[in-house]
Amino acid sequence: MDRDWIATARTLSEALPYLQRYSGAIVVVKFGGNAMGGVEEMADFARDIVLMRQVGLNPVVVHGGGPMINDLLKRLGIESRFVRGKRVTDQATVEVVEMVLTGLVNKRIVQAIMDEGGRAVGLSGKDDDLMVCEADDPELGFVGRPIEMNVQVLRDLFAAGIIPVIAPVATGMDPNETFNVNGDTAAGAIAGALKADRLLLLTDVQGVKDKDGNVVTQLSPEDVRAMIADGTIAGGMIPKVETALKALDEGVRGAVICDGRLPNATLLELFTEYGAGSIIRS
Ligand code: X2W
């Protein structure tokens, strides 16, 4: 045998308690633009999501696409500028953000899931009023902060066996307004509104690191607050852990920050003893 099929069968057998534990669970997966990689990585990600659905979980994909937005803005000669990790979004930029996220990126993920034999439907925060926002900060322009969530459409899709794939674009109280929402923020708000069992933030770092640079596998909200206060958690990790803390406050059972470039990152996290990255839970 050129492969250890016995080990493959054992791996499946060992996953049984995890499959039982997560049966019916709602898992919101944030798939960041930096974690997307090429066609093959996209197919691998999609296969894991389809497997989750196949074994009785209710996965929801919330995606980013920052690098793809940067690309098109550059081709159009529009400058990209970020303040505290969020894109300064004027009228021209918000149009590009909506086109890239709800068009290009969203449909690519939907297609990848269907290619693996799953059923997926793409939507944005605008569909069925899923996510209504207000302006986050006047300095950022049309960047939205979710203030009202209507997740019934997601429950309807779960019941039909369909995987929702959500672009982080939303309307405001004025329905003619369009807001650009940070992908992590959107995933956290959706997970919170669903009181999800897990929020998985897939990114391009291994997880939350301690002072020596080692990944901390389990943290409580208090640990996270202490690590922010003493500067151990800094930079781009701050908005991620803050999203996680807010989601926990809203009733999510556990939030995980892990490296989406790892092969089968979501399966590793959900179905093995090992886990991946850092889990934050009370
Ligand atoms: C993000 C939305 C996309 C995103 C942006 O315009 O880039 C804000 O910054 P990643 O790939 O997850 O970074 N929105 C307000 O979050 O993409």
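Biologist: Does Asp128 count as buried, partly exposed or exposed, and at what relative accessibility?

Modeller: The model is a predicted one. Asp128 lies in the loop between strand 5 (120-124) and strand 6. The cut-off for the exposed class is over 50% relative accessible area, so Asp128 counts as exposed, at 53%.

Biologist: What is the phi of Asp128?

Modeller: Most residues other than glycine have a negative phi. Asp128 is not a glycine, yet its phi is positive, at about 55°.

Biologist: Which residue in the loop between strand 13 (254-259) and helix 11 has a positive phi near 55°?

Modeller: The residue is other than glycine. It is partly exposed, with a relative accessible area of 37%. Its place is in the loop between strand 13 and helix 11, and its name is Asn264.

Biologist: Which residues does Thr266 contact, leaving aside its neighbours within four places in sequence?

Modeller: Thr266 lies in helix 11. With a relative accessible area of 1%, Thr266 is buried. Its contacts, with neighbours within four places in sequence left aside, are Val29, Asp48, Met52, Leu200 and Leu202.

Biologist: How many aromatic pairs does a search of the whole structure find, and what is the geometry of the pair of Tyr22 and Phe271?

Modeller: The search of the whole structure finds three aromatic pairs. In the pair of Tyr22 and Phe271, the centres are 6.4 Å apart and the planes stand at 80°. Planes over 60 degrees apart count as edge-to-face, so the geometry of Tyr22 and Phe271 is edge-to-face.

Biologist: How many residues apart in sequence are the parts that Tyr22 and Phe271 tie together?

Modeller: Tyr22 is buried, with a relative accessible area of 5%, and Phe271 counts as buried at 8%. Tyr22 belongs to the loop between helix 2 (16-21) and strand 1 (26-31), whereas Phe271 belongs to helix 11 (residues 265-271). The pair therefore ties together parts whose separation in sequence is 249 residues.

Biologist: What class of aromatic pair do Phe142 and Phe179 form?

Modeller: Phe142 lies in the loop between strand 6 and strand 7, and Phe179 in strand 10, so the pair ties together parts that are 37 residues apart in sequence. Phe142 counts as partly exposed at 25% relative accessibility, whereas Phe179 is buried at 3%. The ring centres are 6.5 Å apart and the planes meet at 55°, so the pair is tilted.

Biologist: What is the strand order of the open sheet of four strands?

Modeller: The edge strands, each pairing on one side only, are strand 7 (144-149) and strand 10 (178-180). Neighbouring strands of the sheet are turned by 50° against each other on average, direction ignored. The pairing is mixed, and the order is 7-6-9-10.

Biologist: Which residue of strand 10 is the bridge partner of Val169?

Modeller: Strand 9 (residues 169-172) and strand 10 run antiparallel and are joined by three bridges. The partner of Val169 in strand 10 is Asn180.

Biologist: At about what angle does helix 8 run to strand 7?

Modeller: Helix 6 (residues 91-115) lies across strand 9 and strand 10, at about 75° to strand 10. Helix 8 (residues 183-194) lies across strand 6 (131-135) and strand 7, and its angle to strand 7 is about 15°.

Biologist: Which helix gives the most to the largest nonpolar core?

Modeller: In soluble globular proteins, nonpolar side chains tend to be buried together. The largest nonpolar core has 44 residues, and those with the most contacts inside it are Phe31, Val61, Ile109, Ile113 and Phe271. A second, separate core of 41 residues includes Val60, Ile166, Phe179 and Ile257. With nine residues, the helix that gives the most to the largest core is helix 6.

Biologist: Over what arc around the axis do the buried residues Val153, Leu154, Leu157 and Phe158 of helix 7 lie?

Modeller: Val153, Leu154, Leu157 and Phe158 are buried in helix 7 (residues 152-159). They lie on the same side of helix 7, because the arc they cover is only 145°.

Biologist: What covers the buried residues of helix 7, and which residue with a positive phi follows this helix?

Modeller: The cover includes strand 1, helix 4 (39-54), strand 2 (58-63), strand 5, strand 8 (163-167) and helix 8. The residue that follows helix 7, with a positive phi near 80°, is Gly161.

Methods:
Residues numbered from 1 in each chain as written. Predicted model: local features only at pLDDT ≥ 70, side-chain atom pairs only at ≥ 80, totals over all residues. Heavy atoms only, no water. Pairing = 2+ DSSP bridges. Helix = DSSP H or I, 4+ residues; strand = E, 2+ residues; numbered from the N terminus. Axes fitted to C-alpha atoms, helices over the stretch in contact; angles between N-to-C directions. Contact = heavy atoms within 4.5 Å. Phe/Tyr/Trp six-rings, centres within 6.5 Å; stacked < 30°, edge-to-face > 60°. Buried < 20%, exposed > 50% of the residue type's maximum accessible area, 1.4 Å probe, protein only. Core = buried A, V, L, I, M, F, W, Y, C linked by side-chain atoms within 4.5 Å. Arc of directions from axis to C-beta.
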